[in-house]
Amino acid sequence: MTENTHADTPATAADENRLIAERREKLKALRAQGIAYPNDFKVDSFAGDLQAAYEDKDTWSAEAIEAAPRQVAVAGRIILMRGQGKVSFVQMQDGTGRIQLFIHQGTLGEDAYNAFKRWDLGDIVGATGTIMRTKTGELSIKVESIRLLTKSLRGLPDKHHGMADVEQRYRQRYVDLIVTEEARRTFVQRSKIVSHVRRWLEAEPRRFMEVETPMMHVIPGGATARPFVTHHNALDIPLFLRVAPELYLKRLTVGGFDRVYEINRNFRNEGVSTRHNPEFTMLELYQAYATYHEIMDLTEGLIRSAAAEVIGNTVIEWDGATIDVGPAFRRWRMEDAVLELNPEIKPGELRDREAMAAHAKRLGIQVKPSYGWGKLLLEIFEATVEHTLVQPTFITDHPVEVSPLARESDTDKGITDRFELFINGKEIANGFSELNDSEDQAARFQAQVDAKDAGDDEAMHYDADYIRALEVGLPPTGGLGVGIDRLVMLLTGSSSIRDVLLFPTMRPEA
RNA sequence: GGGUCGUUAGCUCAGUCGGUAGAGCAGCGGACUUUUAAUCCGUAGGUCGACGGUUCGAGUCCGUCACGACCCA
């Protein structure tokens with residue numbers, strides 16, 4: 001057998017080990033034969049398609065398959081090998097699924113079979129042969145030729161325990177996707193959900209148009225959140241990664257694109273948790289001549305159709321709760337919800353700043369002098385109501401104080417035409433009738449600037465160009481924001497946002 | 001930011017009362033012509049996250065730090 005010559009094996013990584021060194025020796029031998037990284041293998045079939053085509057074992061018995069011979073060329077990664085002397089079984093995985101390769105020395109020839117025997121788990125191979133069914137009924141490819149297309153230098157994780165360390169699963173997602181079927185399925189689902197959302201929004205009668213607006217803002221706006229800052233060298237100005245696309249999308253509605261949406265990343269300079277990632281994906285849409293009631297209808301329809309068409313069921317298990325997005329979502333005014341779950345608060349106290357401050361203190365909420373009754377109402381809502389909202393619930397009619405971009409109610413001053421959707425205690429969506437009164441918006445911006453001056457570093461900036469756009473005229477418009485990551489969490493039953501982000505933000509490796 | 005838990009072979013994990021580091025898988029050598037986590041025989045593989053302390057002696061006890069998970073703010 002081959003002699004080990006470790007002395008001239010280059011170490012390329014700190015975690016280089018003996019197993020890698022052994023594989024490097026095999027790669028060296030392949031290089032010497034001039035067949036290390038071939039690039040001319042042509043694939044004509046895929047594992048998942050073949051499994052589906054021959055799924056019916058009665059129609060496609062071993063004899064029936066033999067009577068209708070089919071020649072295929074497949075390629076993928078070796079994830080399991082069972083050698084048995086002069087015959088071997090290989091589980092090969094491609095982008096669509098897995099299929100067994102039946103490798104017989106007599107069919108392949110002795111030299112080719114011996115070469116194959118030196119390959120490792122994780123190697124990527126290309127094989128040609130005919131479809132067959134083995135004695136035990138497993139669909140297989142009787143291999144006539146097989147080539148090593150890419151040598152894998154690193155072993156795969158334990159074949160039955162997989163990758164248990166979640167940190168490694170996030171850091172080395174490329175390995176996680178090879179060995180964790182559930183992870184692969186979640187990201188396939190995510191792709192289908194996003195694709196469905198686009199098709200559904202663009203279909204009749206909705207006819208939304210997808211647009212792309214700046215990710216780098218001169219003035220960060222559209223949400224109360226701390227931004228990331230960067231610097232543009234040529235212009236010598238600071239630029240802010242966007243916290244929301246809202247103000248640009250509404251500029252487009254001013255411009256006459258009166259049904260627009262954008263699905264893209266937002267960036268907020270905040271902590272990392274099972275519900276938060278510094279960059280996250282948001283759907284925002286704006287529909288002229290719609291009110292927040294119609295936007296609630298649209299939100300419901302969007303989520304219901306995504307569940308039905310992508311998951312195939314409107315009933316979803318999520319973190320121990322059984323959630324049904326099939327029936328109409330409850331719509332509950334924020335003040336009513338707070339009153340119902342806080343019997344100590346009397347209706348007359350809701351808009352009394354001092355009474356609400358006393359209730360907030362009783363609940364252990366830190367009350368800042370700048371808080372008005374609106375902010376206190378929101379704080380009490382978050383402390384006492386939010387976590388109880390398991391089935392889909394629209395909380396509506398938020399205070400003006402905490403809704404700087406939403407239209408004030410015509411009938412109830414101090415309250416906006418706004419809603420937030422909660423499912424299983426998590427905020428999934430936020431929408432409102434847009435504030436299109438430029439003078440009101442100017443006053444709201446000024447209030448935010450005053451709050452910022454008073455030390456609130458999440459408060460908004462004054463965006464004079466946005467006011468100019470409103471002065472040109474924003475039609476009456478309804479808007480919506482949906483956290484796509486959280487929607488995917490719901491629809492895939494994932495309990496951490498990191499399970500639906502391919503590469504979640506992590507501290508750099510030590 | 002606070003609390004709890006974790007970090008041991010390439011992977012998954014044991015490690016008792018502080019006394020010379022263990023298993024399965026993967027690897028390597030061998031047997032095996034229909035396996036399904038194949039099986040069987042043999043074999044090699046360790047900076048016990050890092051640093052410091054206690055001790056005759058530390059994977060184990062104490063402290064600090066790093067990274068991660070979960071919960072709370």
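The paragraphs below lead through a predicted model of a protein with an RNA strand, beginning at the RNA and ending at some loops.

In this predicted model, local features need pLDDT of at least 70 and side-chain atom pairs count only at pLDDT 80 or more, while totals for chains, interfaces and linings use all residues. Residues are numbered from 1 along each chain as its sequence is written, chains are lettered from A and ligands numbered from 1 in the order in which they are written, and side-chain values use heavy atoms, with hydrogens and water left out.

A residue is near a strand of RNA if one of its heavy atoms lies within 4 Å of it, and 41 residues surround RNA strand B in this way, of which Glu22, Lys26, Thr134, Thr136 and His160 come nearest. The residues of this surface divide into 13 nonpolar, 13 polar and 15 charged, where Ala, Val, Leu, Ile, Met, Phe, Trp, Tyr, Cys and Pro count as nonpolar, Asp, Glu, Lys and Arg as charged, and the others, Gly among them, as polar. Helices (DSSP runs of H or I, at least four residues) and strands (runs of E, at least two) are numbered from the N terminus, and those that each supply at least two residues of the surface include helix H1 (18–33), strand S1 (71–84), strand S2 (87–94) and strand S3 (97–104).

On the RNA side, 60% of the atoms of strand B within 4 Å of the protein belong to sugar or phosphate, and the rest belong to bases. Individual atom pairs show both kinds of approach: a polar side-chain atom of Lys159 lies 2.6 Å from a phosphate oxygen, whereas a side-chain N or O atom of Thr134 is 2.4 Å from a base oxygen. Gly83 instead uses a backbone N or O atom, which lies 3.0 Å from a base nitrogen of RNA strand B.

Strand S2 deserves a closer look. Two strands pair if DSSP finds at least two bridges between them; S1 and S2 run antiparallel and are joined by seven bridges, with Gln84 opposite Val87, while S2 and S3 also pair in the antiparallel sense, over eight bridges, with Ser88 opposite Ile103. The hairpin of S1 and S2 has two residues between the strands, and there Gly85 takes a positive phi near 70 degrees; a hairpin through two residues likewise joins S2 to S3.

Is S2 enclosed or open? Eight of its eight residues are buried, so S2 is largely enclosed by the rest of the structure, buried meaning under 20% relative accessible area, exposed over 50%, and partly exposed in between (1.4 Å probe, protein chains only). In a regular strand the side chains alternate between the two faces of the sheet. In S2, Val87, Phe89, Gln91 and Gln93 point one way and Ser88, Val90, Met92 and Asp94 the other way.

Finally, some loops hold backbone features that stand out, because most residues other than glycine have a negative phi, and most peptide bonds are trans. In the loop between helix H8 (181–202) and strand S6 (209–210) lies Pro205, and the peptide bond that leads to this proline from Glu204 is cis, with omega near 0 degrees. Arg207, in that loop between H8 and S6, has a positive phi of about 55 degrees although it is not a glycine, and it counts as partly exposed at 49% relative accessibility. Asn424, in the loop between strand S16 (418–423) and strand S17 (426–433), has a positive phi near 50 degrees but is buried, with a relative accessible area of 14%.

Conventions: Polar contact = N/O pair within 3.5 Å; in protein donor to acceptor, adjacent residues only side chain to side chain.
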